[in-house]
Amino acid sequence: MIKLIDVHKYYGDTHVLKGINLDVEKGDFISITGSSGSGKSTLLNLIGGMDRPDRGSILVAGEDISSYKDEQLTLYRRERIGFIFQFFNLLPNITVFENVQMPLLLNSLEEEDRVSEYIKRVGLAGKEASYPYQLSGGEQQRVAVARALIHDPEIILADEPIGSLDSRTGIIIMDLIKQLAEETHKAVILVTHEHYLSNYAKREIKIKDGVLLQ
Amino acid sequence: MISLKLIRLFILKNIRNEKFLTVLSIVGVALGIGLFIGVKVASDRALASFESDIRGLSQNTDYEVLDISGIDFNEHIYRDILDIEGNSYPILRVNGYLSAIQESISINGIDTVKAARLVQPAGRKAYDIEDFYKNLSSILITKGLSDKYSIKKGDIIECLVYDKKYSLKIAGILDSKTLPADAVIMDIGNFQEYFNRTGYLSRIDLTADEKTSREIRRILPPNLSIERKEELLKNRESVVTSFRYNLQFISLIAILVGIFLLYNTVFISVVKRRTEIGVLRGLGAGQKTVVTLFLVQGLIVGFVGSMLGIAVGQIAAYFSVLAVERTISTMYSTISISEYLITKGDALSALALGLLVSLIASAIPSYEASKIRPNESLKEGTFESKYKSCRKPFVFAGLSLILSGVVVSCLDYRYAPFDFPFLAYMGILFIILGFTLISPFYLSVILRIARKPAGRIFKATGRITFGDMKGNIYRFSVALMSVAISSALIIALLTLIFSFRHSLASWINRNIAADVYIKPASCTSNFCFYPLSDEVISLVKSFPEVAGVDKFRTLHLELFGRKVVAGFGDIAVQREFTRAGRNGERNRGLEYGKQVSISNYLSTKYGLKKGDVIALQTPEGKEKFTINDTFSSYSTTSGFIYMDRKWLREYWGLDDATQLAVYLKEGVDTGRFIQGLKQALSGKYALEIMNNNNLRKKVITIFNKTFSITYAIELISILVSLIGVLNTLLALVIERKREISIIRYLGGSWDQIKQMLVLSAGIVGIAGIVLGTVMGFLISVIFIQVINKISFGWEIHFKIPFLYLSIVVLVLFLTTLSAGLLPAKVARKIDPMRFISFE
Ligand SMILES: Nc1ncnc2c1ncn2[C@@H]1O[C@H](COP(=O)(O)OP(=O)(O)O)[C@@H](O)[C@H]1O
Ligand SMILES: [Mg+2]
């Protein structure tokens with residue numbers, strides 16, 4: 001489904017990704033572990049169409065998204081990608097319900113029943129009208145999980161999803177992600193510096209200094 | 001298309017969070033748009049009133065025969081014209097003043113049989129035909145006038161006409177949409193008899209084609225001309241133009257400040273919501289969506305602001321109409337504007353302007369927003385660092401702009417290529433823009449200089465504040481510029497007003513030198529065109545206390561196709577009785593050759609100098625006069641030519657006077673003399689008799705009244721720019737909520753935070769005022785030397801009101817400081833938890 005071929009990325013003079021090759025299949029659960037600064041987020045951003053590689057290609061369903069124009073990338077993110085970040089990145093001024101609904105709105109859909117259903121599925125029923133700052137970290141991340149799934153993307157990209165949660169909450173969130181991803185047959189790419197999380201993955205890949213160690 | 005829900009979630013909810021900023025920018029936009037539209041309405045209505053004045057009585061006539069000097073002429077020509085064109089209507093008119101209701105009217109004697117369709121009654125029993133023809137004093141008034149002052153059929157009103165008081169009987173009310181509200185109709189025969197104007201006409205209206213008009217021109221004596229109504233209208237319009245543009249420019253400044261406020265508000269949203277925008281982009285929002293969202297934010301503010309602006313505009317229109325009416329009436333000729341309601345069209349154009357303005361204001365920040373990358377995070381370069389490299393080019397561009405502003409204004413000063421000082425106004429905008437570009441560099445220099453002493457005085461707070469300001473130079477420069485612009489405006493306008501008053505006072509000293517001044521009470525303008533009765537003049541002369549009488553006469557005159565005012569005075573009398581005349585300071589040698597003095601306005605406009613020769617159209621044909629001198633005239637802004645009375649006799653065949661300046665013998669009690677004079681004239685004549693002192697006071701009052709609207713508009717502009725100061729300082733706090741929260745977490749007390757905010761406001765205030773002073777000085781020179789000279793031709797000597805200015809500057813500084821306190825209040829409301837937990 002996704003194929004990275006010899007992907008390179010530079011930030012100025014720093015060579016961050018040095019020839020990444022990777023295959024992701026439908027229903028895959030891949031964990032990419034590595035120390036801080038090894039290029040995990042950069043890689044995830046490339047796959048998620050947040051940024052473009054400087055060299056190499058990223059094939060998604062046979063098309064090279066590295067040659068996509070900005071508008072095409074936007075569309076790609078909007079329809080195929082669900083993101084989960086370390087710092088939740090919820091929009092602060094709108095409610096839980098509206099945060100979850102946001103990807104649908106961007107796709108010109110409303111589907112309120114579906115929104116309610118997903119909120120229930122992440123265990124936040126009753127908190128629809130709360131604002132993000134009224135929630136705990138774990139609850140906020142649940143909102144983010146619901147938001148990542150609501151528009152039925154093909155790939156979930158999770159960048160240190162539990163990096164700012166305590167370990168007990170972290171495990172609960174990870175279980176939730178795994179469970180929902182399996183139920184909905186999503187491919188998941190999980191990026192983390194904590195090795196024990198690789199237990200969740202079907203495949204574990206290590207990254208060091210911008211190179212993947214299979 | 002983006003959904004309404006998205007707009008609601010991302011924009012409307014946020015507007016609610018930035019209530020105060022949003023309200024400020026709404027008010028800013030509303031004031032700017034309101035002023036602009038108010039002034040537009042006022043000048044539009046003035047033009048409409050000119051138009052109905054010129055066309056009013058006979059809507060579809062297209063030519064008019066009139067005297068070239070603007071006086072009444074012998075009616076016998078009417079017979080000859082009638083032979084050529086049957087569709088001609090004689091009119092005799094005069095301005096009257098209803099002292100009881102302080103309203104000017106224009107009394108029109110018309111051939112009511114010929115123009116019967118003009119005198120349609122309002123309703124069946126609206127008037128009494130018999131009475132109208134039989135009773136000499138019968139008049140018909142408009143429904144407008146009747147409604148406004150509840151004057152009914154059968155009422156008798158007192159009216160000042162020429163130099164007497166008359167009773168007029170209301171014979172009926174007219175229902176006419178085309179008649180100006182202040183028009184009063186009389187039968188022409190009655191008019192001539194009642195006001196003792198038998199044998200005279202003021203004009204003849206004609207429905208004719210080119211060919212006929214040429215035929216008529218051939219039979220006209222040299223004192224008469226036939227003119228197209230369109231031409232007359234254009235001529236009149238030019239009277240309002242400079243007045244209009246000047247007011248409109250000032251309201252343009254208010255709009256600019258409004259744009260600035262709006263820009264600031266949207267910009268703050270963008271800067272503050274960088275991460276959010278990044279998240280939205282990450283979720284798949286395209287650049288267009290982001291641009292649209294922020295444009296919509298601007299448009300919402302613009303829309304609400306414009307709607308409010310229409311209400312403000314209605315109020316502004318009311319006052320501007322009063323002011324325009326007063327100014328035109330005193331400076332040019334009496335007009336009466338009865339309409340001041342904003343029309344649907346005006347409201348629509350206000351709305352369109354408001355939306356346009358808000359689009360312009362939000363375009364740049366929206367574009368900035370769309371450039372935010374999907375994975376934007378705090379470590380990405382911020383706005384500040386992105387523009388750091390631009391500082392040098394900014395300084396360079398700024399200096400060039402200031403320079404070109406000065407050059408452009410100088411060009412306007414030297415060559416005045418347009419009727420209106422467009423170049424000078426452009427120069428002012430350039431200068432403001434130039435200073436804006438320089439301001440970041442300027443602020444960084446100030447910070448470098450003040451850093452050490454501030455660190456010593458304010459300790460840690462000082463160091464943190466300076467570091468903070470250095471890191472946010474661009475944001476702080478914006479605040480600095482709003483202080484600078486408002487202080488520059490205040491300084492420039494105060495200097496202008498102060499210098500003007502000073503020059504006016506010395507002009508009054510030089511020119512109002514006689515002991516007693518007499519003019520018809522019906523005349524409310526600076527210049528009167530209806531002569532005083534001979535009896536009045538001889539009566540005044542017969543008083544033993546009188547040493548000399550300067551008989552003054554004004555006429556209209558055409559110079560280079562424009563109507564100007566010509567004044568004829570008795571130079572010999574002036575020479576004998578005034579110090580200025582004796583010393584030869586005034587009108588020196590004017591009584592000798594064929595010479596004239598012209599006002600500075602004319603010399604600027606047509607590039608005329610001392611020694612040049614101009615040809616003036618007189619009833620005797622074109623006559624050449626040499627320009628003896630140029631002088632500054634405050635009584636008119638459309639050009640004034642002054643010459644000795646003997647030319648009036650020689651070329652115009654007139655020896656009458658419209659105003660008298662009386663010199664009394666040494667030791668005579670002026671008060672008692674006036675008392676005696678009034679007694680001798682009472683019952684028969686209605687005159688305005690003033691002693692020297694009263695006239696001086698009156699002139700100053702007239703000027704104050706005339707300029708009250710300008711002052712008001714300026715005041716509002718200044719107010720709006722102060723709102724701008726508040727807005728930017730507040731924006732700074734909102735934008736740095738996070739930093740403030742961190743400082744709190746690190747153990748900073750509220751007092752320290754307040755100190756920091758007030759300290760930065762103080763630095764911004766002082767630096768802004770200093771910059772504003774430089775800018776204000778430059779602008780005031782342009783105001784006085786270029787704009788004023790081109791639009792009004794008034795000679796104003798530059799004079800800086802040091803005392804006023806230092807008070808104002810102090811007030812401004814305190815305002816800025818307190819503008820630092822208000823955000824401190826907002827800062828206090830910041831919940832550190834909420835803001836930290838979010839990034
Ligand atoms: N926007 C950026 N500009 C410059 N350097 C960057 C940027 N983003 C990441 N880097 C650098 O790229 C390297 C990898 O970063 P990142 O992918 O965030 O690592 P990780 O997520 O594995 O901790 C780091 O050395 C980081 O400093
Ligand atoms: Mg990372």
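## Exercises on a predicted two-chain model

Tyr97(B) stands opposite Leu160(B), a residue of strand S6(B). The model used in these exercises is a predicted one.

**Exercise 1.** Determine which strands pair with S6(B), and in which sense they run.

*Solution.* Begin with strand S3 of chain B, residues 88–98, which pairs with strand S6 of chain B, residues 156–161, in the antiparallel sense over 2 bridges. Within this pairing, look for Tyr97(B), which faces Leu160(B) in S6(B). Next, turn to strand S7 of chain B, residues 164–174, which is joined to S6(B) by 6 bridges and also runs antiparallel to S6(B). Here Val161(B) has Lys164(B) in S7(B) as its bridge partner. Finally, examine the hairpin of S6(B) and S7(B), where 2 residues lie between the strands and Tyr162(B) takes a positive phi near 50°. As general background, the strands of a sheet pair through backbone hydrogen bonds, either parallel or antiparallel.

**Exercise 2.** Work out why one side of S6(A) and one side of S10(A) are left without a neighbour in the sheet.

*Solution.* First write down the strand order of this open sheet in chain A, which is S6-S7-S8-S3-S9-S10, with 6 strands and mixed pairing. Strand S6 (81–84) and strand S10 (211–213) of chain A stand at the edges and have a single partner strand each, so one side of each has no neighbour in the sheet. On average, neighbouring strands of this sheet are turned by 20° against each other, if direction is ignored. Then consider the pairing of S6(A) with strand S7 of chain A, residues 155–159, which is parallel and extends over 4 bridges; Phe83(A) stands opposite Leu157(A) in S7(A). As a last step, add helix H2 of chain A, residues 70–80, which packs on the sheet and touches S6 and S7 of chain A, its direction making about 75° with that of S6(A).

**Exercise 3.** Decide whether Leu341(B) counts as buried or exposed, and describe where Leu341(B) is found.

*Solution.* Start with the position: Leu341(B) is in the loop between helix H10 (287–331) and helix H11 (344–370) of chain B. Then apply the cut-off, by which a residue is exposed when its relative accessible area is over 50%. Because its relative accessibility is 51%, Leu341(B) counts as exposed. To complete the picture, note that Leu341(B) belongs to a nonpolar surface patch with Ile315(B), Tyr318(B), Phe319(B), Leu322(B) and Tyr340(B), and that the patch has about 570 Å² of accessible area together. For chain B as a whole, 57% of the 839 residues count as buried.

Methods. Residues numbered from 1 in each chain as written. Chains lettered and ligands numbered in written order. Predicted model: local features only at pLDDT ≥ 70, side-chain atom pairs only at ≥ 80, totals over all residues. Heavy atoms only, no water. Patch = residues over 30% accessible without salt bridge, like charges linked within 9 Å, V, L, I, M, F, W, Y side chains within 5 Å. Areas by Shrake-Rupley, 256 points an atom, 1.4 Å probe, with all protein chains shown as cover. Salt bridge = Lys/Arg side-chain N within 4 Å of Asp/Glu carboxyl O. Buried < 20%, exposed > 50% of the residue type's maximum accessible area, 1.4 Å probe, protein only. Pairing = 2+ DSSP bridges. Axes fitted to C-alpha atoms, helices over the stretch in contact; angles between N-to-C directions. Contact = heavy atoms within 4.5 Å.
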